[in-house]
Amino acid sequence: MTTNKVQRLAIIAIATAFLAVASQLTIPLPLVPLTLQTLAVGIIATLLKPLDSILAICLYLILGAIGIPVFAGGAAGFGVILGPTGGFLIGFLLQSQQVSLLGQTALMVKSARGKLILYSVANIIGAAWCLALGTIWLSLVARLSLQVAFKSGFLPFIIPGIVKAILAAFIGYALRRALKTHPYFAVTPAKQAEKVEKTELTEKA
C-alpha cells in the first residue's frame with residue numbers, strides 16, 4: 001500500500017472520529033435532537049474529496065449500526081437508523097455528496113470571498129437535502145402527516161441549519177488553507193500535476 005493511500009485512509013478515519021465526537025454534543029428537543037453532527041458533516045464534506053467524505057459518513061453509519069455508540073447521545077444499533085431520526089442519519093450521505101460536489105466549484109475561484117460564498121451555498125443546499133429526507137422519513141416511520149413532520153423535523157432547524165452551514169464553510173475553508181501544503185489538499189489534480197511537471201523541467205534544466 002502506497003503512502004498516499006495510507007494517508008487517505010487515515011484522513012477518512014480521522015473524519016469519522018471527528019463526526020462521532022461531534023455527535024455526542026446534543027441539545028435535547030422533542031422528536032429530533034439538535035446536535036453538532038450536521039456541522040461536522042459540513043466540515044468533512046468541505047474539506048475532503050467527494051468520495052472520501054462519503055466513505056467517512058458510511059464508516060460512521062456502519063460503526064453505529066454494529067453497536068458502537070457513535071450516534072447522538074451515545075445511541076447505537078440498526079434500530080436507531082430504522083427509527084424516526086434514521087432519515088437524518090441517512091441524509092448525511094446526501095448532504096456530504098451535495099456539499100462536496102458543489103464545493104468543488106470553489107476550487108476554481110481565486111478570491112477568498114468567492115470561495116466562502118460558494119462553500120456556504122453548498123453547505124446550505126446540502127443541509128436542506130438532509131433535512132428534507134429526514135422529514136419525509138420521520139413522517140413515514142412516526143406515522144405523522146407531512147405538515148406535522150415538517151413542523152417537528154424541518155422548521156425548527158432552518159435557522160440553526162443555516163448558521164451551522166456557514167460555520168462549516170468557514171471552518172472547512174480555514175482548514176483547507178492551513179493544510180494546503182499537504183498533497184491530499186492540493187487545490188486541484190490538474191494544478192498539482194502542473195507543479196510536478198514544472199519541478200521536473202527545472203531539475204532537468
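Modeller: Before we start, helices here are DSSP runs of H or I with at least four residues, strands are runs of E with at least two, and both are numbered from the N terminus. Please also keep in mind that this is a predicted model.

Colleague: Thanks! In what pattern do the helices and strands follow along the sequence?

Modeller: The protein has 9 helices and 2 strands. Read from the start of the sequence, the order is α-β-β-α-α-α-α-α-α-α-α.

Colleague: And what share of the residues is buried?

Modeller: A residue is buried when its relative accessible area is under 20%. The protein has 205 residues, and the buried share of them is 40%.

Colleague: Let's look at helix 2 next; how many of its residues are buried?

Modeller: Helix 2 covers residues 37-47 and is mostly covered. Among its buried residues are Gln37, Val41, Gly42, Ala45 and Thr46. The count for this helix of 11 residues is 10.

Colleague: Which residues of helix 5 does helix 2 meet?

Modeller: The two helices pack at an angle of about 35°, with axes 8 Å apart, and their crossing is right-handed. The contact residues divide into 5 nonpolar, 7 polar and no charged. From helix 2, Gln37, Thr38, Val41, Gly42, Ala45 and Thr46 take part, and in helix 5 they meet Leu89, Phe92, Gln95, Ser96, Val99 and Ser100.

Colleague: Ser96 caught my eye; why does it count as buried or exposed?

Modeller: Ser96 lies in helix 5, residues 86-103. The cut-off for buried is under 20% relative accessible area. Ser96 has a relative accessibility of 0%, so it counts as buried.

Colleague: Which residues is Ser96 in contact with, leaving aside neighbours within four places in sequence?

Modeller: Contact means heavy atoms within 4.5 Å. With those sequence neighbours set aside, the partners of Ser96 are Val41, Ala45, Ser53, Ile54 and Ile57.

Colleague: How do helix 5 and helix 6 run relative to each other, roughly parallel or roughly antiparallel?

Modeller: Helix 6 spans residues 112-141, and its axis is 7 Å from that of helix 5, at an angle of about 155°. Angles over 145 degrees count as roughly antiparallel. The pair is therefore roughly antiparallel.

Colleague: Back at the N-terminal end, what is the orientation of helix 1 to helix 3?

Modeller: The axes of helix 1, residues 3-22, and helix 3, residues 50-65, come within 9 Å and cross at roughly 50°. That angle makes helix 1 oblique to helix 3.

Colleague: How do the residues of that contact between helix 1 and helix 3 divide?

Modeller: Helix 1 passes helix 3 in a right-handed crossing. Ile12, Ala15 and Leu19 are among the helix 1 residues in the contact, and the helix 3 residues include Leu55, Ala56 and Leu59. The division is 11 nonpolar, 1 polar and 2 charged.

Colleague: One last stop: is Arg143 buried or exposed?

Modeller: Arg143 sits in the loop between helix 6 and helix 7, and its phi is near 55°, a positive value in a residue other than glycine. Its relative accessible area is 79%. The cut-off for exposed is over 50%, so Arg143 is exposed.

Methods:
Residues are numbered from 1 along each chain as its sequence is written. This is a predicted model: local features need pLDDT of at least 70, side-chain atom pairs count only at pLDDT 80 or more; totals for chains, interfaces and linings use all residues. Side-chain values use heavy atoms; hydrogens and water are left out. Axes are lines fitted to C-alpha atoms, for helices over the stretch in contact, and angles run from 0 to 180 degrees between N-to-C directions. Angles under 35 degrees count as roughly parallel, over 145 as roughly antiparallel, 65 to 115 as roughly perpendicular and the rest as oblique. A crossing is left-handed if the near helix is turned anticlockwise from the far one by less than a right angle, and right-handed if clockwise. Ala, Val, Leu, Ile, Met, Phe, Trp, Tyr, Cys and Pro count as nonpolar, Asp, Glu, Lys and Arg as charged, and the others, Gly among them, as polar. Buried means under 20% relative accessible area, exposed over 50%, partly exposed in between (1.4 Å probe, protein chains only).
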